[in-house]
Amino acid sequence: MPFPDHLDLRDTNERVDGRAVFEVIDGFWWQSSKSPDVKLRVIVPHGTKTDFASIPRFAWWIVGPPSGEYKWAAVIHDLLYRRQVTSRFLAVSLMRELMSELKVACWKRLVIYYTLRLFGGYAYKQDQAEL
């Protein structure tokens, strides 16, 4: 997993539903290791915009702030949703895999995964309409 030591971001001063939007300064990539037969690599280029995870502030006490331990997964998930290069379900599954690699607690991964499965369709359709 070739993540740099830190995620270099710039605040764009944009807001989406009250959440700050950031721009990736130094691009990075991640390759799924789930299946040895399939090599799926996600490249996050410089300039990619993210609001991390669209988790309401009141729920942060459960899974932590979106810019926390699963921020890399959230950036990749945002990219996949916005570019629509995969199905919504693959994007959510890849986020769960990435959170596992990042050693996010199993219970937290499951809460985020099932929340995205149940409620992520609205955001995916919104991003689809913007293409």
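A residue is taken as buried when its relative accessible area is under 20%. By that cut-off Glu-23 counts as buried, because its relative accessibility is 14%. The structure described here is a predicted model, and Glu-23 serves as an entry point to its strand region, since it is found in strand 2.

The protein chain comprises 5 helices and 5 strands. From the N terminus on, the elements follow the order β-β-β-β-β-α-α-α-α-α. The radius of gyration of the protein chain is 14 Å, which agrees with the value near 14 Å that a compact globule of 131 residues would have. Along the principal axes, a box of roughly 40 × 30 × 30 Å holds the C-alpha atoms. Of the 131 residues, 40% are buried. Where contacts link residues at least 6 apart in sequence, 60% of them join residues at least 24 apart. The accessible surface amounts to about 7,800 Å², and carbon and sulfur atoms account for 56% of this area. The charged side chains number 18 positive and 15 negative, with a distance of 6 Å between the centres of the two sets.

The strand pairings are described next. Strands of a sheet pair through backbone hydrogen bonds, in either a parallel or an antiparallel sense. Strand 1, covering residues 9-16, pairs with strand 2, covering residues 19-24, in the antiparallel sense over 6 bridges. Within this pairing, Arg-15 stands opposite Ala-20 of strand 2. Strand 1 and strand 2 form a hairpin with 2 residues between the strands, and Asp-17 in this hairpin adopts a positive phi near 50°. Strand 2 also pairs with strand 5 (residues 49-50), again in the antiparallel sense, over 2 bridges. Here Glu-23 faces Lys-49 of strand 5. Together these strands make up an open sheet of 3 strands in the order 1-2-5, with antiparallel pairing. Strand 1 and strand 5 are the edge strands, each pairing on one side only.

The contacts of Glu-23 may be read against this arrangement. Apart from residues up to four places away in sequence, Glu-23 touches Asp-8, Leu-9, Arg-10, Thr-12, Gly-47, Thr-48 and Lys-49. Lys-49 is thus both a contact of Glu-23 and the residue that stands opposite Glu-23 in strand 5.

A further antiparallel pairing links strand 3 (residues 28-31) and strand 4 over 4 bridges. In this pair, Phe-28 stands opposite Val-44 of strand 4. Strand 4, which spans residues 41-44, shows an alternation of side chains: Val-42 and Val-44 point to one face and are buried, whereas Arg-41 and Ile-43 point to the other face and are not buried. The residue opposite Phe-28 therefore belongs to the buried face of strand 4, given that Val-44 is under the 20% cut-off.

In the helical part of the protein chain, Leu-98 lies in helix 3, which runs over residues 88-101. Leu-98 is buried because its relative accessible area is 0%. The separation of Leu-98 from Arg-82 is 16 residues in sequence and 18 Å in space, from C-alpha to C-alpha.

Backbone geometry was examined at two further positions. Most residues other than glycine have a negative phi. Asn-13 is not a glycine, yet has a positive phi of about 65°. Asn-13 is found in strand 1, and the residue is exposed because its relative accessible area is 65%, the cut-off for exposure being over 50%. Gln-84, likewise not a glycine, has a positive phi of about 55°. Gln-84 occupies the loop between helix 2 (71-83) and helix 3. With a relative accessibility of 16%, Gln-84 counts as buried. Of these two positions, Asn-13 is thus exposed, whereas Gln-84 is buried.

Technical notes
Residues numbered from 1 in each chain as written. Predicted model: local features only at pLDDT ≥ 70, side-chain atom pairs only at ≥ 80, totals over all residues. Heavy atoms only, no water. Rg over C-alpha atoms; globule rule 2.2 N^0.38 Å. Buried < 20%, exposed > 50% of the residue type's maximum accessible area, 1.4 Å probe, protein only. Contact = heavy atoms within 4.5 Å. Areas by Shrake-Rupley, 256 points an atom, 1.4 Å probe, with all protein chains shown as cover. Lys, Arg positive; Asp, Glu negative; His and termini not counted. Charge placed at Lys NZ, Arg CZ, Asp CG, Glu CD. Pairing = 2+ DSSP bridges.
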